[in-house]
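Ready for a bit of practice in reading a protein model? Grab the viewer and work through the exercises below.

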Amino acid sequence: EEQPGVKIIGFDHNKDHVATWAKVMYSNLKAKEYLAGIGVHWYGGLNVNNLNDTHNMAPDKFILGTEACNCGGVVYKDPDRAEWWARAESLALDILEDLRFWAVGWTDWNLVLGTDGGPNHLKNLCDANIITDPSESLGMGTLIMQASYYYMGHFSRFIPPGSKRISVTNHVETKVPPLTADDVKNGQPLVFLPCDGNDVQSWSLDETGSLIVTGTESAEGSDGYQVGGECADADLDGWLPKIQVWKCAHSGNQNWVVGASSDAGHQLKNTWTGKCMTAVLTSGSAVGLDAGVKVMAAQLLDCLPPGTANQTFRLSNFDGGGFPDNFPVRTAKGLCLQPQITRLPHFDVVAFLTPDNYISLIGINLGEKPIDFSIYDAIASVGSKTLWLPAHAIQSYQWPASVSTKPAKAQLSTHLTSEMPSSAADVPPVQSLLMNGVEKSRIAGPLPEDGETSLASPFTVLLAIGIAAGFLFVGAVELRKWEAGQQWRSMLFAADENDELSYSEFPAAEGLTEFSAGEGLKE
């Protein structure tokens, strides 16, 4: 009563268990009265289904991204260009997916940090969008704009406060592809996840005692390709008794025997250490995830009496066959041994209606191939063909929501691309040009070598090249109070399919405008 403008945010932790906590807090009706919404951190993964479930429990309560940060320390584009760009991609994907699934905003933990990633009283040194170097000790200026600064610019420029999210149906990536042997790489920790029959849950035990992920010897994308495959490997150098996968060397730490048995199954014993594979419920930090995540990890511990549940595994398919050439390592609770592999969408988009009645659409391509596509507005019967989103790039479009069906009045006003530079020496130039009637601005270098809700504006995104994965979701949310009842607008991203559509091109405007680096993002 004394502070009516203060809003109380509940939870304020990782998304992997936000739905569990929200259910408890919202089930207490008295507590629910005082909560304005839920705060979430990015650590532990995207967890978009949890965000969706949390929203559906209380659609009148907001979800706000309250913390995200890349740690430890600062990564610069020289000499770690790929990691420098990957950090920016991770943050941008988290922003985009949070906004797609009901978040009303997103907060980075740090705006500016020093060259060491501090200050921090616990020495928890991290990265930031801007690094300050007053003495220019690194020779990169007093303010160093990280790749994440340019990625963040797409959201801060094109989605102003008061914007209203409009729904997107994404046909570029309509489903998450199953894991395959190509996804198995050196150093991935072994975990136990629900048995779903995917390729990376299939094992073979050869005559040398090597426990091999089936198919990795012939999978070109795997580090085990043509070197015998990827083997279960006792990590003798780490601080935890971790079991990981590594290209097969048939060494002692990769040698396993089927040990003591019981009616429930068998032990798997490492001959080098004399210890047994054990399913351990532990912190995500044990397998490279955030400490707030709980995982069932495979660890090497002292062998316990035969039949001990967390050291006893079924080494056969459900029909009893498969061993020793093609079998799961399965617990009594239906969890199967596999490498810990994080799957992310290669491509996704989010769209908003801005307070000044423009539509802003932001797309991200995390894949290794560019995407060719077109935009089609079914309501206005206008569109633009032959657009292009480079690999490892983010791209933004903006056009008036009230465009006429007459081509002369339909104009796509802005198109901005940020693309990974080809070398550490490249400062991303910004330029604005018109291409096929689309004003196109780019921060780019050449490709590298190596709360009331209303339903509005469904978008459709169709396949341009062979990339598959992602999420499908339809919905809308208001960042500030906004009157419902917006005109239904259908957007179509298409490739070959667009030849069947009847629509006019966005008309090309005249002129080419050059900007200095970063200038296009200052707004």
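Here are three short exercises on this predicted model, each with a worked solution.

**Exercise 1.** Find how many disulfides the whole structure has, and work out the pairing of the bonded cysteines in sequence order.

*Solution.* Start with the search of the whole structure, which turns up four disulfides. Next, number the bonded cysteines along the protein chain: the pairing reads 1-2, 3-8, 4-5, 6-7. Cys 69 is in no disulfide; its nearest cysteine sulfur belongs to Cys 71 and is 4.1 Å away. A disulfide needs sulfur atoms within 2.5 Å, so that gap doesn't qualify.

**Exercise 2.** Take the disulfide of Cys 71 and Cys 126 and say where each partner sits, and whether each is buried or partly exposed.

*Solution.* First, the bond: S to S is 1.8 Å, and with 90 degrees about the S-S bond the link is right-handed. Then the places: Cys 71 is in the loop between β3 and α4, while Cys 126 is in the loop between β5 and β6, 55 residues apart. Finally, buried means under 20% relative accessible area. Cys 126, at 1%, is therefore buried, whereas Cys 71, at 37%, is partly exposed.

**Exercise 3.** Work out which parts of the chain the disulfide of Cys 276 and Cys 303 ties together.

*Solution.* Begin with the sulfur atoms, which are 2.0 Å apart. Cys 276 lies in strand β17 and Cys 303 in the loop between β18 and β19, so the pair ties together parts 27 residues apart in sequence. To finish, check the cover: Cys 276 is buried at 0% relative accessibility, but Cys 303 is partly exposed at 31%.

Technical notes:
Residues numbered from 1 in each chain as written. Predicted model: local features only at pLDDT ≥ 70, side-chain atom pairs only at ≥ 80, totals over all residues. Heavy atoms only, no water. Helix = DSSP H or I, 4+ residues; strand = E, 2+ residues; numbered from the N terminus. Buried < 20%, exposed > 50% of the residue type's maximum accessible area, 1.4 Å probe, protein only.
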